[in-house]
Amino acid sequence: MSEHSTYTPGSGIEKWLDERLPIIRFSKEHLMDFPTPKNLNYWWTFGAILVMCLLVQIVTGVILAMHYTPNIGMAFDSVEHIRRDVNGGRIIQATHAVGASMFFAAVYIHIFRGMYFGSYKAPREILWILGVLIFLLMMATAFMGYVLPWGQMSGWAATVITNIFAAIPVIGTPLLELLRGGFSVGNPTLNRFFSLHYLLPFVIAAVVALHIWALHVPGNNNPTGVSVKDSRDTLPFHPYYTMKDLFGMVLFMIPFAWFIFFAPDILGHPDNYIQFDSQVTPAHIVPEWYFLPFYAILRAIDFNLLFIDSKLLGVIFFGGSILILFLLPWLDTSKVRSGNFRPMFRWFYWLFVINFVALTYLGAQPADGIYVLLSKICTAYYFIHFIVILPVLGRIETPRPLPTSISESVLSKSHA
Amino acid sequence: MATQSQHSTTRRDFLFVATGAVGAVGAAAVVWPLINQMNPDASTLALASIEFSLAGIEEGQSVTILWRGLPVFVRNRTAKEIEEAKAVPLSELKDPATDESRTKEGHENWLVMIANCTHLGCIPVGESGEFDGWACPCHGSQFDTAGRIRKGPAPTNLVVPPYEFISDTLVKIG
């Protein structure tokens with residue numbers, strides 16, 4: 001978006017650099033002058049908050065890797081060593097563990113914000129797809145990181161999640177052995193998970209760069225969903241949104257710090273402070289809270305369908321529940337982006353949110369009795385929302401009249 | 001342009017395809033070892049078979065042993081459990097198998113099974129559930145006294161590993 005550039009190299013050195021590597025020009029265009037809709041609310045600060053989360057995880061993670069040992073005989077003790085002996089290790093380890101939860105909390109808010117305001121609609125489909133890809137990479141990274149402390153939940157999470165791949169017909173078992181490096185989860189598994197857990201955050205950082213690139217082509221969506229028409233609709237990113245984002249980050253760090261300093265283990269599970277034993281499964285295994293909705297979907301499928309057995313079917317639904325997000329831009333047929341102007345969509349949106357929270361709750365409950373039935377109902381509704389409700393709504397709903405421009409909507413609000 | 005491409009293939013086209021094909025095979029040959037290194041290594045494969053003595057396992061007692069890093073249930077079943085398993089009609093089973101097919105002739109009291117639930121690999125808890133067999137704590141699968149799946153998401157019965165009786169009290173697994 002060079003047309004927004006107001007950069008003129010000030011000194012001889014800047015001019016010399018600008019002709020060879022225009023990095024100052026690029027930064028000024030994209031980090032300072034970038035025209036941003038003037039009506040963005042605080043839900044839009046989560047993009048910057050997520051960048052902060054990724055940086056926190058990378059910095060604390062690199063430090064933890066200096067003290068951690070990826071060997072089944074020593075891994076569990078090395079994490080305890082970090083928590084007890086390493087200078088400041090208690091806080092650094094807690095920041096990394098709590099940081100994963102905060103990262104997912106922020107990403108869920110970011111995703112649900114995009115869903116409400118229709119940020120996935122044309123021309124932002126690629127931006128959305130890259131976002132879903134980041135979400136998938138985050139899940140893989142978080143899962144492998146959770147295995148590293150080698151507690152009971154770590155080992156059994158590794159067993160259960162790698163077993164998901166065994167459900168694939170024909171290549172399932174060889175694939176399972178390839179992933180584990182053995183017939184069961186053991187030292188080769190732990191060692192490679194450590195290697196990949198170190199690698200993936202940098203892959204995420206690269207996809208984040210693409211995500212921001214794809215954002216800077218059409219520019220930000222905004223709460224009205226109406227496209228930017230002229231310069232009266234926008235403000236330069238700096239200082240208006242750098243300050244707003246910074247303020248959002250500070251607010252976000254309050255609960256973050258509370259967890260680290262006062263309840264570092266509250267989001268974890270006590271069983272993970274028992275070293276992994278491949279012969280005893282804990283009485284009630286649950287994943288970390290951020291995987292619960294998908295875990296509930298996986299467990300809900302306990303019946304065969306035609307020639308597909310329950311295990312494979314569960315895996316298909318589990319994978320499908322995330323992969324369907326890739327198709328969201330085409331499943332939602334409404335031309336109106338923002339939920340603020342879609343009277344029917346708003347109700348279904350909140351129903352979907354409630355259903356998602358219900359799945360989270362059900363994922364943490366034991367797999368019997370009424371919980372199985374409720375999980376099935378919520379799983380069905382999750383898919384119905386995407387496959388039936390969204391395509392139909394776009395056809396039958398009459399949206400409320402849209403403001404002609406962002407600036408008009410802002411001005412009419414200030415007069416009211 | 002479109003009509004010109006109808007001409008017979010040139011020497012350049014042939015070289016292009018041939019170079020591409022050789023390059024693709026070369027790339028695959030380089031990638032394969034990079035993936036294959038993740039497969040079970042020689043030290044893991046070396047644990048392929050074990051011998052285990054049954055002496056000292058009383059009727060109604062179970063032990064769990066390790067084979068290839070996998071836990072294996074060895075259960076000396078009671079007469080009541082064998083009866084229960086034999087009484088189940090095959091039509092009631094999700095993965096039909098007779099009790100005889102899951103044990104060795106002459107040693108019907110011994111049940112040897114890989115202890116990982118066939119759903120996602122948790123270890124079911126013995127002598128529990130509605131069928132007096134095993135119940136998986138993770139996702140609610142229940143197995144009967146012959147280790148057959150009766151309820152829950154597991155698709156198949158608990159797996160019987162390849163094993164043989166060397167003598168009345170010694171089995172070789174693997």
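Student: Which residue is the bridge partner of B:Phe52 in strand 10 of chain B?

Tutor: B:Val171 is the partner of B:Phe52 there. Strands here, like helices, are DSSP runs numbered from the N terminus, with at least two residues (E) for a strand and at least four (H or I) for a helix.

Student: OK, and what am I looking at, experiment or model?

Tutor: It's a predicted model, where local features need pLDDT of at least 70 and side-chain atom pairs count only at pLDDT 80 or more, while totals for chains, interfaces and linings use all residues. Residues are numbered from 1 along each chain as its sequence is written, chains are lettered from A and ligands numbered from 1 in written order, and side-chain values use heavy atoms, leaving out hydrogens and water.

Student: Back to strand 10 of chain B, then. How many bridges join it to strand 1?

Tutor: There are 4 bridges between strand 1 and strand 10 (residues 170-173) of chain B, and the two run antiparallel. Two strands pair if DSSP finds at least two bridges between them.

Student: What's the strand order in that sheet?

Tutor: It goes 1-10-9 in chain B, an open sheet of 3 strands with antiparallel pairing. Strand 1 (50-53) and strand 9 (163-167) of chain B sit at the edges with a single partner strand each, so one side of each has no neighbour in the sheet. On average, neighbouring strands in this sheet are turned by 30° against each other, direction ignored. Axes are lines fitted to C-alpha atoms, for helices over the stretch in contact, and angles run from 0 to 180 degrees between N-to-C directions.

Student: What about the sheet with order 2-3-4 in chain B, parallel or antiparallel?

Tutor: Antiparallel; 3 strands make up that open sheet of chain B. Strand 2 (62-67) and strand 4 (110-114) of chain B are at its edges, each with a single partner strand, so each has one side without a neighbour in the sheet. Neighbouring strands there are turned by 20° on average, again ignoring direction.

Student: And where's the hairpin with 2 residues between its strands?

Tutor: Between strand 2 and strand 3 of chain B, and B:Arg68 in the turn has a positive phi of about 55°. Those strands are antiparallel, with 6 bridges joining strand 2 to strand 3 (residues 70-76) of chain B. B:Trp67 stands opposite B:Leu70, and B:Ser62 has B:Arg75 as its bridge partner.

Student: Switching topic. How many residues does each chain put into the A-B contact?

Tutor: Chain A gives 30 residues and chain B gives 31 (contact means heavy atoms within 4.5 Å). The two chains bury about 2,500 Å² between them, 62% of it on carbon and sulfur atoms. Buried area is the accessible area (1.4 Å probe) that two parts lose on being put together, summed over both.

Student: How many salt bridges across it?

Tutor: The count is 0 between chain A and chain B (a salt bridge is a side-chain nitrogen of Lys or Arg within 4 Å of a carboxyl oxygen of Asp or Glu).

Student: Which helix of chain A supplies the largest share of the side that touches chain B?

Tutor: Helix 7 of chain A, with 5 residues.

Student: Last topic: where are the cis peptide bonds in chain A?

Tutor: One runs from A:Ala122 to A:Pro123, with omega near 5°, and A:Pro123 lies in the loop between helix 5 (89-116) and helix 6 (125-147) of chain A. Another joins A:His238 and A:Pro239, with omega about 10°; A:Pro239 is in helix 10 (residues 237-262) of chain A.

Student: What's the phi of A:Val170?

Tutor: Positive, about 65°, although A:Val170 is not a glycine. A:Val170 sits in the loop between helix 7 and helix 8 of chain A.
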